[in-house]
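Colleague: Please pick one part of this model and take me through it closely. Keep it brisk, and give me the cut-offs as you go.

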Amino acid sequence: MISLLVRRAASVVPILVLLSILVFGLVWATPGDPAVALAGGPQASPALVAEIRESLGLNDPVPTQYGRWLGRAVQGDLGTSLFTKQPVTSAILDRAPVTFSVTGLAFVFAMIIAVPAGFVAATRRGKWQDSLATGVASLGLATPSFLLGLVLVLVFALRLDWFPATGYTKPSEGVFEWLRGLVLPALTLGALLAAESMRQLRAALCEVLEQDFIRTARAAGLRQRAVLFRHASRNAAGPVVTVMGLQAAYLLGGSIIVERLFFLPGLGSMAVEAVFNRDIPVLQGIVLFAGVLVVLVNLAVDLICAWLNPKLRAV
Amino acid sequence: MHRSPWRVRPLALSVVFLTFLAACGGDDSPAAQPTTTQSTSAESADSTDVPPGPGPSTDAPVTDPTAPGAIDGVEYDPDAVLRIGWHLNPTSLDPFREPTEENLALTALAYDRLTNRLPTGEIVPMLAESWGYNDDATELVMHLRDGVVFHDGTPFNAEAVRANMDRARTIEGSSAASVLALVESVEVIDDLTVRFVSSSPNAVLTTSLADRAGSMISPAAFDEDLSLVESGAGPFELVEHRPGEVTIYERFDDYWDPEVAKVARVEVYYMGDQTTRANALRSGQIDMSHFNPAGLGDVEGQPGLDIEMRPTSQYYQMSIDWQYEPFGDVRVRQAIMHALDRDGICQAILQGLCETYAQVVPESSIAFNPEIPNDHYAYDPDKARQLLADAGYADGFEFDLVILAGLPPYGEMSEVIQAQLGEVGIRVNLVPLEPALVAEATITNREFPSYLAARLSRDPSLAIENYWLPTSPINFSGVTTERLQELYLASISTSDPDARRAILQDAMQEITDQVLDVVIAFPQYLFVHTDRVLGFQVPDSQAFIIRGVGIAK
């Protein structure tokens, strides 16, 4: 298991290098000369443009610039926001807890919904419970999150007044209020993950339940519960965990819409602002941060799958 | 150093481009759309200066701001919090660096100016109690209010004014440098008297000083990072600023006018999404917000919410390059005006929430010429065809119209314009460009002869200076007339309100007759607030200011 860990971790390095090159390239993806864009447009004073070129090191060869940028990034220095003048790293760390709160709770909600629904659908295959769960899941997959968010706000915030329509309360200002404010955004964000995970779990369980070893277990007199939870679930978990790992990227991406809709000051809304303001260092910082996060989640998923399925450990 | 009034202002242009950038970031509202806004920032007033003398506020009895009182007969809560959902995201809290006009509404909470503009457009005393110009309006003497202190305790005096003017004219990226370009020196006469000496007639200075150019920052705070902290002499003191999230102000107890801060706290939440603002308003999480016409349905008819609107000096227009051959002929320009069904555009695209004046200022402006009817260029395709034929374009012609890609209402508006001009034989090729590239592609590089954008005219002299002089930062350079240049010089050379009014109304006649701008429509500036908000008036320009606004008990 240790050697697997080392091997998998090593395989992540080239991905991170590629990611860093792409992120660094964002500067060059903006139309026109970045220094001119930063100085405020084509009529900016040449002195100001020269100053910006100098301060950004745009006069050096590109590999030198990349090396310097990467060196600082590795040490946690992602530069300074062109817009707010805040250090990017501290701005990201300020905002990350909000995004993690929403995505974390979205994940919890998704599991609370998906796991029981998946088990029920798989064990009552073809019955009304299965049709209901599959139908709701299809609806969940088909509903755009902004629409779902609006409907949830309309019903649970504006009509029933159970939850706030917008805003974020820090956990330090009250754990209950913090949770209350996160329920609607987390449900909005988690719906798709719940639907996707439920369908994966159902499919995987159905497949496993038809295998010989399950029939053998049943024939040996094991109770349905033991068959399901001890033998089937572990075998079915692999694909579900893989899907969840893939969904980590979706959760981060989806937080852009959800945070804007619910006015949550997280990384998603920060990314939107950075795009609008052409705040390249912030954008680079967020993309890099999110990219590293997704890579790490996938690494964790690989390891969990290996733990679940000993056959994978040898690969 | 002697400067001509035609001095080119490169800085101003850079501010314009910044405005393009910042504005498109904000939101979908017309106000936030990349406008070729008046880069000078001068807020200003469609109004003339008041004669020297004590201002209206100076006689106000000194009362305790926290004592209970009433606004419009309704008792307000002096301990209340006013929560504003703001549709933009300011770059900087420094009024001399923030490029977007509308965000000055926020800096105005903490920073008083030398003069103030009322929501009606009138210029009244603020930190300057009275003032007077010399005969040719090259010198302005201001008498300052006594006993004013900045939030940090520094006293406000003539020396502070001089220090602020020096900073405003010299810091890199100052968005007020161009508006103060004519000011040669600021002299301290005594502790409470300053003299502004301009290199040429400058009667719009008092108007400019009601805006960012007149914002007074504590000189003791100059060394701090003023993009993140504020230290002014305004009615509210900054207590917390989280960029992109929220800015919180509390009442400044030593403010000179106790009638202004009627709430204890102002919280400004940066909510770019209009649906989010609508939800927050309906659920009572904010008290007021700006809206654009397209999203008004979310709040219209909701109990407890009031909608207020008025046309401002912002308008949609098509800028055209007179050096592109057909456009150089005034008959062609007039033909374009007659070919456009502007009322139809207003109804179809702006939900009818707009006015279609034929001139470039709204009715509330002193420059509004009552002799130019709104239907001066009535929709008349036959007349348009006749004018085109007279000009030698009986078969029409073709041109490229640049639009700001992805920003409503420009897409729809341009399609209607294309169809309507097509009716009279003018073929329009629509060229959507990334907003940040529009000014460069059109004004600077002249790759395209026209673009569709919004403009803020506000003070008419400053508008002429920005758009229709040979040296204007956002002009195709050829768009001007000799008569207009003469009228402009005359308008900044007199501080007499009646004389100035007459000159500016003549200028409007010239601009309208010569079609310096293809004016399309003046959208309503819309605010929605809960019925507990008292005393709010939609201002005449895009910078709304919370003065004397309270929350009902």
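Modeller: I start with one helix pair and the loop that joins it, then set other parts beside it.

This is a predicted model: local features need pLDDT of at least 70, side-chain atom pairs count only at pLDDT 80 or more, and totals for chains, interfaces and linings use all residues. Residues are numbered from 1 along each chain as its sequence is written, while chains are lettered from A and ligands numbered from 1 in the order in which they are written.

The pair is α7(A) and α8(A). Helices are DSSP runs of H or I with at least four residues, strands are runs of E with at least two, and both are numbered from the N terminus. The axes of α7(A) and α8(A) lie 9 Å apart, at an angle of about 145°. Axes are lines fitted to C-alpha atoms, for helices over the stretch in contact, and angles run from 0 to 180 degrees between N-to-C directions. The crossing of α7(A) and α8(A) is right-handed. That is the clockwise case; a crossing is left-handed if the near helix is turned anticlockwise from the far one by less than a right angle.

From α7(A), the residues in contact include L148(A), L152(A) and F156(A). Across from them, α8(A) brings residues including L184(A), L187(A) and L192(A). Contact here is C-beta to C-beta within 7 Å, with the atoms placed from the backbone. The residues of this contact divide into 10 nonpolar, three polar and no charged. Ala, Val, Leu, Ile, Met, Phe, Trp, Tyr, Cys and Pro count as nonpolar, Asp, Glu, Lys and Arg as charged, and the others, Gly among them, as polar.

Now the loop. D161(A) sits between α7 (145-159) and α8 (175-209) of chain A. Its phi is positive, about 60°, and D161(A) is not a glycine. Most residues other than glycine have a negative phi. D161(A) is exposed, with 11 other C-beta atoms within 10 Å. Exposed means 12 or fewer such atoms within 10 Å, buried means 20 or more, and partly exposed is in between; C-beta atoms are placed from the backbone.

Chain B has a counterpart to look at. D72(B) has a positive phi near 50° and is not a glycine either. D72(B) lies in the loop between β1 (69-71) and β2 (74-76) of chain B. D72(B) is exposed, with 9 other C-beta atoms within 10 Å.

Back in chain A, take a second helix pair. α11 (267-277) and α12 (280-308) of chain A also pack at about 145°, with axes 8 Å apart. Here the crossing is left-handed. M270(A) and A274(A) are among the α11(A) residues that meet α12(A), where the partners include V282(A) and I286(A). This contact has eight nonpolar residues, no polar and no charged.

Last, a sheet in chain B. Four strands form an open sheet in the order β6-β7-β9-β8, with antiparallel pairing. Because β6 (128-133) and β8 (183-190) of chain B stand at the edges, each with a single partner strand, one side of each has no neighbour in the sheet. The twist averages 20° from one strand to the next. β8(B) pairs with β9(B) over six bridges; strands pair if DSSP finds at least two bridges between them. V186(B) stands opposite F196(B) in β9(B). Helix α3 (158-170) of chain B lies across β7, β8 and β9, running at about 165° to β8(B).

Definitions and conventions
Two residues are in contact if their C-beta atoms, placed from the backbone, lie within 7 Å.
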